[in-house]
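Colleague: I'm new to this one, so could you walk me through it with a few questions and answers?

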Amino acid sequence: MYTFSNKLKTFSFILMAVGILGIGYGFFNAPKDIQEVESLLAAESHGGHGAVHHEEAKSSEEAHAVHDKTDAVKEAAEHKEHLTHVLHQLQNKPWAALYVACIFFLLLSMGVLAFYAIQQVAQAGWSPVLFRVMQGITAYLPYGSVIFFVILILCGLHFNHLFIWLDPEVVAHDKLIANKVGYLNFPFWIIRAAIFLIGWNLYRYYSAKNCLAQDQSNDNSFYKKNFNISAGFLVFFIVSESIMSWDWIMSIDTHWYSTLFGWYVFASFFVSGITMIAMVTVYLKSRGYLEYVNTSHIHDLAKFMFGISVFWTYLWFSQFMLIWYANIPEEVTYFITRIELYNLPFFGAVVMNFVFPLLILINTDFKRITWVIVMAGVVILAGHYLDFFNMIMPGTVGDRWFIGVSEIASVLFFLGLFIFAVFTALTKAPLLPKRNPFIEESKHFHY
């Protein structure tokens with residue numbers, strides 16, 4: 001039985017406390033009105049994000065001197081509209097930072113849950129010694145689901161402007177969004193979210209319950225139940241995952257869509273989940289637990305880390321190349337925005353999520369070395385956080401992005417909550433599922 005050390009527990013509480021303070025600081029510092037925005041833009045130095053807007057303000061002032069009264073009124077209205085737009089972007093920043101971190105950790109735990117279900121349905125012989133690690137990581141799912149659902153409700157109540165299609169005024173003046181109202185409306189959207197989150201959590205609860213019950217059983221009845229519900233869950237998951245990616249991420253850029261997007265998001269959080277399994281396994285092994293986990297199990301996890309990283313890159317390039325080559329204005333704008341305004345995080349994510357894992361994990365021997373797995377894991381997790389950052393930030397804050405207090409604090413809060421939830425769950429049951437039909441094969445697995 002794993003014992004949650006007081007040091008680790010204290011560390012998780014410190015992370016959450018620092019995160020809460022930082023998140024509060026981000027909301028407190030967000031501008032309250034357009035007067036604050038105007039002062040902020042005027043104070044920004046040349047060369048920063050605000051330099052363009054400062055020059056626009058100067059041009060506007062010069063134009064006032066040479067145009068007649070009608071033009072002056074028109075320009076004043078446009079200037080006010082611009083300030084309102086920047087106000088919404090700056091007010092979105094702490095919300096977007098919170099949203100990115102929240103959805104990243106939520107979907108990371110979902111990636112582990114999907115991987116666990118696949119192992120059950122495939123009747124894999126190598127992985128049962130890791131099942132309790134997987135169940136421990138998915139124990140974060142209820143916490144993350146509640147917080148995420150609350151954020152979605154607050155979006156619908158107009159506490160922020162993350163989803164422009166939730167604004168009736170925007171919909172009234174935008175034909176493209178108006179044509180999607182039958183699908184993109186708050187009641188239907190929040191009902192879908194509730195169905196997905198409840199469905200995922202129900203599977204997590206009953207699969208863990210059956211796995212524990214199997215230890216006390218004299219037959220394989222609970223194992224068979226898990227097989228059946230895992231097969232049903234995977235059907236539900238593949239449908240709900242695609243719709244979730246449209247609802248919670250793609251709809252932020254309401255005018256744009258990609259038929260590959262569901263797979264792309266899946267690859268990102270799936271490899272993140274597998275990486276987290278490897279990281280937690282390595283940690284527990286270093287503390288003297290998981291006696292039957294050997295380098296062959298670590299090697300297999302590293303193979304998945306490598307393989308899904310390549311799969312993610314294939315989807316990244318396919319989506320980018322087809323849209324860029326077609327050069328349709330409504331579609332290519334998505335990538336132009338990211339290349340021009342998010343150049344470093346956009347291409348940095350490719351280096352962290354493809355080039356680095358390729359160079360490090362392609363070597364078979366490296367897949368068995370603990371420090372290599374940890375190093376690769378940290379880079380992969382940071383890279384896929386950056387991937388979600390790239391998907392969400394451009395449509396919510398535009399060019400007003402930077403990784404500051406709000407972003408770091410949000411990650412720290414959810415990381416602290418994640419550590420607390422996962423390692424608390426690991427204390428609730430033995431780390432070895434003793435009555436799994438394949439447990440002996442798993443204990444003696446060598447590659």
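Modeller: Sure, a sorting rule to start: Ala, Val, Leu, Ile, Met, Phe, Trp, Tyr, Cys and Pro count as nonpolar, Asp, Glu, Lys and Arg as charged, and the others, Gly among them, as polar. This is a predicted model, where local features need pLDDT of at least 70, side-chain atom pairs count only at pLDDT 80 or more, and totals for chains, interfaces and linings use all residues. Residues are numbered from 1 along each chain as its sequence is written, and side-chain values use heavy atoms, with hydrogens and water left out.

Colleague: How do the residues of the lining of the largest pocket divide by class?

Modeller: On a 1 Å grid over the protein atoms alone, a pocket is an open set of points where a 1.4 Å probe fits, with protein on both sides within 12 Å along at least five of seven lines; lining residues have an atom within 4 Å of a point. The largest pocket holds about 960 Å³ of space, and among its 35 lining residues His85, His161, Ile164, Val170 and Gly395 are the closest to its centre. The lining divides into 12 nonpolar, 16 polar and seven charged residues.

Colleague: Which helix gives the most to the lining of the largest pocket?

Modeller: Helices here are DSSP runs (H or I, at least four residues), numbered from the N terminus. H4 (69-122), H7 (168-172), H13 (329-341) and H15 (370-397) each give two or more residues to that lining. The top contributor, with seven residues, is H13.

Colleague: And how many residues of each class line the second largest pocket?

Modeller: That pocket has a volume of about 590 Å³, and Met276, Met279, Val378, Leu381 and Leu415 lie nearest its centre. H15 supplies the largest share of the lining, six residues. By class, the count is 22 nonpolar, no polar and no charged.

Colleague: Is Leu202 buried, partly exposed or exposed?

Modeller: Leu202 sits in helix H9. Buried means under 20% relative accessible area, exposed over 50%, partly exposed in between (1.4 Å probe, protein chains only). Because its relative accessibility is 45%, Leu202 counts as partly exposed.

Colleague: Where is Asn327, and is it buried or exposed?

Modeller: Asn327 has a positive phi of about 60 degrees, although it is not a glycine. Its place is the loop between helix H12 (295-326) and H13. With a relative accessible area of 52%, Asn327 is exposed.

Technical notes. Grid points are joined across faces, edges and corners, and a volume is the space filled by probe spheres set on the points.
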